Amino acid sequence: MPLKGFLSSKSSGLLGGRRGRAASALSDSEKLAMLDELEQSGLGWFWACDGEGNLTYLSSAIADRLELPLEEMLNQPLSTVFEPIDGQGRTRSLSLMIGAHKAFSGIAVHAAKRPDGAVLRLSGRPMRDDKGRFIGFRGTGADITEEYHREAETARLAKYDSLTGLSNRHRMAHLIDTTLTAFRAAKRNCAILMMDLDKFKQVNDTLGHAAGDELLKQVAVRLKRSIERDCEIGRLGGDEFQVMIPDVDDRGVLGEIAMKIITMLKQPYSLEEGRCVIGCSVGIAIAPHDGVTRDEVVRSADLALYAAKNGGRGQYRFFSGDLENEAIFRRRLEADLGKAIDQDQLFLKYEPIVDASTQRVEALEAHICWNHDQRGEIDEIEFASILDGSSQVNEVGRWAISEACKHAAYWPESIRVSVNVPVPLFGSSDFVSSVKEALQVADMAAGRLDLEINEAVFFGDTTAVDSTLAQLFKLGVRLTLDEFGSGYSSLSYLRRAPFDSIKIDEKLIAEADRHDSRELGLIRAIVALSDALEMDTVAHGIETNALLASLLDCGVRRVQGPIFAAPMTREEAESELLGEGWKIEPSSDRTRRARRRTVYRKIQVIHDDHSYEVTLRNLSKTGALIQGLADVPKGTQFVVDLGGGQLAVATVTRTSADTQGLEFEHSLIDDGSGGLCTRNRVSPYALAAAGATLSALSPGSYKAMEGGLLGQGASIPQFGYAPSAEHELA
């Protein structure tokens, strides 16, 4: 229908009919010109359809805006030419209203053939002839593309993180809330993973916030690739991320996911400002085992994350009921660190570095320990995790260098002292002057001080880094590139810096001990590189004679580790230095002391409908050794209650007096922190069905059921108790 015909309809409801003297004073040609100008201006567009709903008129300006030929749209059903925008919920209502001859307004549409094109707002009203018969629709349209996308962006920003495109904190909270509410009614499981990035602050501080932002974008991409199942990933702010994985309570599967995340995120990143390497720690909690509400489950995952970071970072950890007390005590230790130096609670232990060919001790590496007034001695590994990220890191680092120089001044001149330099301390403006002062106060030759520097210092301002290295070189101290092979080990570091030696990353050494093929090839290449650059190589963490032989075959010149000596007190070291040349023969009898908790504890085992208390003496993935029952024949089946809802079916494979060896029906799995756990746990929903109130089950606790997980029966015990185990525990 031409505009003239569209306008002349008496019941058009637009400009047709009598509208007062001003309207009647206009001729039809003037009205047409006015409408044409209105259409061309974009302020208003018009459309019409017949009684069948076919489009009979459409302003040419709309066709131009949609970038579609006008003739392709005319005589086509209006409901097929235009589609309501996704999410409007009106896909059916547009055609229904036209079919029902009902007026409508404000429907946002786009062209069916151009879904990514302009967005229009359509309004229309039904038209009738003089006899009241329906003859079609007349309506208007407006271009709301900018307004629509602006509102859509506002709505998106309210739900999604503007930097990474992941769900934001508010949306994740809403999704977890609604999911847990629905899953509680359906008795389904849901896992929550909390994670944050290790060394991210270091990237921000050294490469700048723009580099940090780009790094977060790349982390988001890797996170999406690392989880190959239905999940929701969110960034809660800063370097903190959260993942919700519905319908998974298998801790073996969740551990594999966490390990894949950790592995992918620690690979090197390419940024405009340079290359960097970070890490990731993960805490895992599962509803309803570790909480019923969002607050409970997220808090449980947070505690598990805190434990993972304290365990050395680059780890995952499942929530368990004892983590809360551990976290509280940990925070107290961090708060107490401020007074540790003032009250002379810190002290140094020394680990020998041995010449591989002569077995003579050439240097002693200083390790910082803490004699806490309540906790007692905190060893170098735990202290390093407490110090990491602390505001006292620079002060403690300066103290360690000064103290080590004072001690070494009394040693034979052939013995050097090696001290690790925290990255923040290296970047401080007074670092070189503090080293110079420590040497002057101790009256020690600079060449006897070996500073171990992590490659992460090179992620900062290259001019400042080069200046610091040049000043240290001029001062005459030795420099060692620490943890080479742990991250982005660039040859440019070695070309730019006057290093005297390269210290091979301990994790690479450990892998070589387990696999001894590809990793040994990498070690051999590092040694060849250091030889070409006239640098020494140091391998540490050596525990076995076989590994030592392999490293010597690779050409490693300096070695250290439990096979030679554990870190010792200053007095112990100095007593050894009194002799004529300190030599240490390697011995595999020396092993690194276990840092995880002993498994020597009371547990419950269940046979038929009776529960027995026994002592767990040994635990492996495939079985356990228990003590406390007598007269137990081989082949007897027990359900072993390891606590926290962990039940394992086991068969007695050997028995002697009051001790039994058990073989598990299903192997245990790693718990992410050096311990073992079952893949699955007894569901609190099952306990609730047996009479417990689900809301009464606090996170990680399964004590709400009277009589334990499996209520103790009234039958006569089939096995006798052996008093020796009870006496031993007491």
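Let's start at a single pairing: Cys190 has Pro246 as its bridge partner in β9. That pairing belongs to a longer match, in which strand β7 (residues 190-198) and β9 run antiparallel and are joined by 7 bridges. Keep in mind that you're looking at a predicted model, so the confidence scores are worth a glance as we go. Strand β9 (residues 240-246) is a comfortable place to begin, since confidence in the chain is highest there, at a mean of 96.

Step back from β7 and β9 and you'll find an open sheet of 5 strands, in the order β8-β9-β7-β12-β13, with mixed pairing. At its edges sit β8 (232-237) and β13 (316-318), each of which pairs on one side only. From neighbour to neighbour, the strands of this sheet are turned by 20 degrees on average, ignoring direction.

Now head towards the N terminus. Strand β1 (residues 45-50) pairs antiparallel with strand β2 (residues 55-58) over 3 bridges, and Cys49 has Leu55 of β2 as its bridge partner. The hairpin these two make has 4 residues between the strands, and Gly53 takes a positive phi near 90 degrees there.

β1 has another partner too: 6 bridges join it, antiparallel, to strand β6 (residues 134-143). Along that pairing, Asp50 stands opposite Gly136 in β6. Gly136 turns up again in the pairing with β5, as the bridge partner of Met127. Strand β5 (residues 120-128) and β6 are antiparallel as well, with 9 bridges between them. Their hairpin has 5 residues between the strands, and Gly132 takes a positive phi near 85 degrees.

Next, a helix pair. The axis of α9 comes within 9 Å of the axis of helix α13 (residues 294-310), and the two cross at roughly 115 degrees. On the α9 side, the residues involved are Ala173, Ile176, Asp177 and Leu180, and they meet Arg294, Val297 and Val298 of α13. By class, this contact has 5 nonpolar residues, no polar ones and 2 charged ones.

Leu180 also takes us into the empty spaces of the model, as one of the residues lining the second largest cavity. Rolling a probe the size of a water molecule over the atoms shows where empty space is left. Here, the count comes to 3 cavities of 30 Å³ or more. The second largest holds about 50 Å³ of space, and besides Leu180 its lining includes Phe183, Arg184, Arg188, Ala287, Pro288, Gly291, Val292 and Tyr685. Helix α9 (residues 169-186) gives the most to this lining, with 3 residues. Sorted by class, the lining has 6 nonpolar residues, 1 polar and 2 charged.

What about the largest cavity, and which residues line it? Its volume is about 110 Å³, and its lining consists of Ile353, Ala363, Arg416, Ser418, Asp450, Glu452, Arg478, Thr480, Ser501, Asp536, Val538 and Arg558. Strands are well represented here: β17 (416-421), β18 (449-454), β19 (478-484) and β21 (536-539) each supply at least two of the lining residues. The class split is 3 nonpolar, 3 polar and 6 charged residues.

Further along the chain comes a closed barrel of 6 strands, running β24-β25-β26-β30-β29-β28 with antiparallel pairing. The twist from one strand to the next averages 45 degrees. For a look at one of its pairings, take strand β24 (residues 601-607) and strand β25 (residues 610-619), which run antiparallel and are joined by 7 bridges. Within that pairing, Gln604 has Glu613 of β25 as its bridge partner.

How far should you trust all this? The chain averages a pLDDT of 81, with 82% of the residues scoring at least 70. The low point among the elements is helix α26 (residues 723-729), where the mean drops to 40. Two stretches have a pLDDT below 50. Over residues 593-598 that is the case, and the model gives this stretch 9 contacts beyond near neighbours in sequence. Residues 724-730 are also below 50, with 14 such contacts in the model.

How values were computed. Residues are numbered from 1 along each chain as its sequence is written. This is a predicted model: local features need pLDDT of at least 70, side-chain atom pairs count only at pLDDT 80 or more; totals for chains, interfaces and linings use all residues. Side-chain values use heavy atoms; hydrogens and water are left out. pLDDT is the predictor's confidence in each residue, from 0 to 100. Contact means heavy atoms within 4.5 Å. On a 1 Å grid over the protein atoms alone, a cavity is a set of points where a 1.4 Å probe fits but cannot get out, and a pocket is an open set with protein on both sides within 12 Å along at least five of seven lines; lining residues have an atom within 4 Å of a point. Grid points are joined across faces, edges and corners, and a volume is the space filled by probe spheres set on the points. Ala, Val, Leu, Ile, Met, Phe, Trp, Tyr, Cys and Pro count as nonpolar, Asp, Glu, Lys and Arg as charged, and the others, Gly among them, as polar. Two strands pair if DSSP finds at least two bridges between them. Axes are lines fitted to C-alpha atoms, for helices over the stretch in contact, and angles run from 0 to 180 degrees between N-to-C directions.
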